[in-house]
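Me: I've got a protein model open and I'm not sure how to read it. Could you walk me through a few features, one at a time?

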Amino acid sequence: MISLVNLSKHYPTRTLFDNLSLKISLRERMAIVGPNGAGKSSLLKMIAGQLEPDSGQVILPVSARIGYLPQDLEIVSDRTAVGEVVGGDATLMEVEDEMKRIETRLSDQDFQNDPGYEKMLVRYGDLQTRFGALGGFEQEARARKILNGLNFSSRQMDMRVEELSGGWRMRVALAKTLITDPDILLLDEPTNHLDIPSIEWLEGFLNEFSGSVLLISHDRTFMNNVINGVIELSSGRATVYSGHYDHYLEEKASRQEALETAYERQQGEIARIESFVERFRAKASKATQAQSRLKALEKMERIELDSQEKTVKFKFPQPQRSGNIVVSLKGVTKGFEGRTIIPSLDLVIHRSVKVALVGPNGAGKSTLLRMLAGVMHPDQGSIIPGANVTITYFAQHQLETLDPHHTVLESMESQAPDSETQTKIRSLLGAFLFRKDEVTKKVGVLSGGEKSRLALARMLLVPANFILLDEPTNHLDIASRECLEFALQSYGGTLIFITHDRHLIETVATDIIEVLPGKVTPLWNTPYEAYVAKRRAESGGQPMAPTLTRESDPIGKNPNAKISQGQKAPSTTGSTDHERDLLKIRLSRIEQEMESITQKITAFEEEIASRVSGQMDYKAKSDIKKIEVKINESRKSLDALTLEWDKLAELISQ
């Protein structure tokens with residue numbers, strides 16, 4: 001049980017919590033939601049021990065291991081990506097470091113006749129046992145599997161972290177958090193910088209994770225697929241809802257309706273009592289009754305309605321009509337550093353389509369969008385705009401183009417046509433929640449969400465009939481995303497967009513263009529759900545996520561690859577007694593691990609048998625599938641251990 005007892009946190013300008021108390025059962029998967037500034041990230045930091053409350057306490061289970069991923073953690077390291085992930089488990093690294101020191105000492109020929117040699121050999125065996133119990137011999141394989149799920153290539157896994165871009169460093173930070181096998185996993189916006197295949201892989205990982213998960217996310221589909229409860233923070237209070245995110249919205253609306261009904265009923269009762277007191281308090285015969293009702297009124301616990309959260313409200317201005325063909329691509333190619341990104345592409349975009357570009361990161365989606373926007377030229381071929389086409393392009397890094405020295409109002413005025421009045425500009429800013437003095441704030445001090453709203457507001461200053469959007473939902477909260485969704489649905493022009501928000505694709509896109517490395521495939525009149533179903537059918541029912549390939553699987557290539565990075569493999573010479581002793585100790589540990597895994601498999605199979613004999617509802621079938629996945633993983637580990645046992649046994653016999 002995670003217990004939050006009377007937590008309070010105050011800042012000079014606002015109060016986040018005041019005597020907030022909450023209990024969260026273990027094994028729960030909860031999303032923390034609420035308006036910006038409600039204290040979601042602060043609450044997560046308090047549970048992680050990164051932020052102290054002004055008063056109250058956070059009570060965690062004894063010896064609970066915490067895995068915490070902050071929202072914008074960027075790792076700077078000269079280690080490789082896989083080395084950084086393996087190093088994420090501090091306890092494991094301490095054990096491995098001591099093992100390395102002992103190995104160095106044991107390899108000293110002069111030390112082999114020392115009285116302390118046998119004692120150190122026993123210590124080394126104990127450390128190996130602990131290292132194995134902590135999963136150390138599988139750590140690098142697990143690290144590569146997690147990085148593969150997050151769409152790292154084998155080459156990227158072995159690149160130094162400092163050579164990776166910011167988005168890939170964030171993925172390393174996520175992998176480093178996931179590999180620690182914590183009891184409680186705290187994730188603040190974990191899907192930022194992930195493409196859709198990686199998000200789907202993360203969903204599968206979290207659904208198999210045996211501990212508790214507390215997360216903050218603005219990805220509605222991700223939450224629906226992962227969580228079983230919601231903690232809503234609002235006005236310093238926490239309200240718990242069961243079920244996924246859509247169920248939370250329904251339940252919240254139902255509770256709000258009931259609260260408003262009760263509020264109106266109470267207000268009517270208050271008005272009647274006040275009227276009675278006012279009429280009869282001066283009459284002697286009714287004075288006692290009037291006083292009695294007045295006291296009852298004073299004791300009445302008043303129902304309060306939550307203040308309505310401010311939401312962005314906007315529509316794209318209706319543009320002039322373009323020709324039927326908006327843009328044509330003929331023989332277009334684009335490559336970088338000798339690698340072809342976009343092959344020879346022929347493509348025609350017609351008026352009024354709303355197209356989502358889908359595919360893994362790095363496949364060329366943003367490159368294609370830039371060429372359509374005219375900000376990047378193809379290596380070969382031609383891009384021909386249609387008649388009366390006017391373009392608005394929202395780049396993936398649009399926020400970086402905002403001048404930090406401008407005020408919000410100046411930023412808008414710099415983009416507005418000369419004919420635009422300041423009254424209209426201020427009105428548009430008001431629709432994006434920049435009101436009164438907020439328009440004089442410097443762009444440099446705005447939050448990521450505020451900058452995103454400003455960038456969207458600037459888009460509306462000039463009507464366009466062809467809109468190109470590259471990740472427009474980054475930094476937007478769910479309410480703002482839903483407003484953008486509505487605006488794009490009602491937009492009358494032509495739209496091509498890139499987003500990892502699957503809910504936005506599902507509700508807006510009429511067509512799909514799949515962009516894979518070296519291949520672009522238009523799927524006209526194909527909604528996203530149909531595209532996903534087609535891809536899963538082609539992959540045998542698996543999610544659209546990369547799988548661990550033979551190339552990236554260190555166990556598949558080499559049984560000795562199970563030894564964690566930086567740890568020496570047992571010597572293959574077998575030329576000295578101490579090396580043979582080390583091999584025998586490791587062989588014994590492998591036999592123990594094999595026995596343990598075999599017992600686990602037997603227990604899993606017995607659990608399946610007991611569930612099959614009972615009532616088979618949806619949950620039971622889902623649980624059986626999860627157990628079968630665990631059995632397959634255990635069998636793979638057993639196969640790898642068997643290979644290593646054979647190799648070590650042969651070395652010892654030699």
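**Reading salt bridges and strands**

Reply: Sure. D158 is partly exposed, with a relative accessible area of 42%. Keep in mind that this is a predicted model.

Me: Okay, which residue does the D158 side chain meet in a salt bridge?

Reply: R144, and the N to O distance is 2.9 Å. The two belong to distant parts of the chain, 14 residues apart: D158 is in the loop between α6 (154–157) and α7 (166–178), while R144 is in helix α5 (residues 139–149).

Me: And is R144 buried or exposed?

Reply: The general idea is to compare the relative accessible area with a cut-off, and buried means under 20%. R144 has 12% relative accessibility, so R144 counts as buried. In this pair, then, a partly exposed D158 meets a buried R144.

Me: Let's try another pair. Which residue forms a salt bridge with E203?

Reply: That's R502, with 2.4 Å from N to O. Look at how far the sequence runs between them: R502 is in helix α17 (residues 502–508) and E203 is in helix α8 (residues 196–208), 299 residues apart.

Me: How do I read burial for that pair: are R502 and E203 buried or exposed?

Reply: Use the cut-off again. R502 has a relative accessible area of 3%, so R502 is buried. E203 has 7% relative accessibility and counts as buried too.

Me: What about a salt bridge inside one helix? How many residues apart are R255 and E251?

Reply: Four, both in helix α10 (residues 245–280), which means R255 and E251 are separated by about one helical turn. Their side chains meet in a salt bridge of 3.3 Å, N to O. As for cover, R255 is partly exposed at a relative accessible area of 35%, and E251 is partly exposed as well, at 29%.

Me: Which residues are linked in a network of salt bridges?

Reply: R79, E84 and K176 are linked that way. A search of the whole structure finds 18 salt bridges, so there are others for you to look up.

Me: Now strands. What's a general thing to know about side chains in a strand?

Reply: In a regular strand the side chains alternate between the two faces of the sheet. For a case here, take strand β8 (residues 229–234), where five of the six residues are buried.

Me: Which strands does β8 pair with?

Reply: Among them is strand β3 (residues 29–33), which pairs with β8 in the parallel sense over four bridges. To find your place, start at A31, whose bridge partner in β8 is V230. There's also strand β9 (residues 237–242), which runs antiparallel to β8 and is joined to it by six bridges. Here you can look for E232, which stands opposite T239 in β9.

Me: How many residues lie between β8 and β9?

Reply: Two, and the strands form a hairpin. Check S235 in the turn, which has a positive phi of about 55 degrees.

Me: Last one: how do I sum up the whole chain?

Reply: Start with the elements: the protein chain has 21 helices and 18 strands. Next comes cover, with buried residues making up 47% of the 654 residues. Then contacts: of those between residues at least 6 apart in sequence, 70% join residues at least 24 apart. Finally there's the surface, where the chain exposes about 32,200 Å², with carbon and sulfur atoms supplying 48% of it.

How values were computed. Residues are numbered from 1 along each chain as its sequence is written. This is a predicted model: local features need pLDDT of at least 70, side-chain atom pairs count only at pLDDT 80 or more; totals for chains, interfaces and linings use all residues. Side-chain values use heavy atoms; hydrogens and water are left out. Buried means under 20% relative accessible area, exposed over 50%, partly exposed in between (1.4 Å probe, protein chains only). Two strands pair if DSSP finds at least two bridges between them. A salt bridge is a side-chain nitrogen of Lys or Arg within 4 Å of a carboxyl oxygen of Asp or Glu. Contact means heavy atoms within 4.5 Å. Accessible areas come from the Shrake-Rupley method with a 1.4 Å probe; for residues, only the protein chains shown count as cover.
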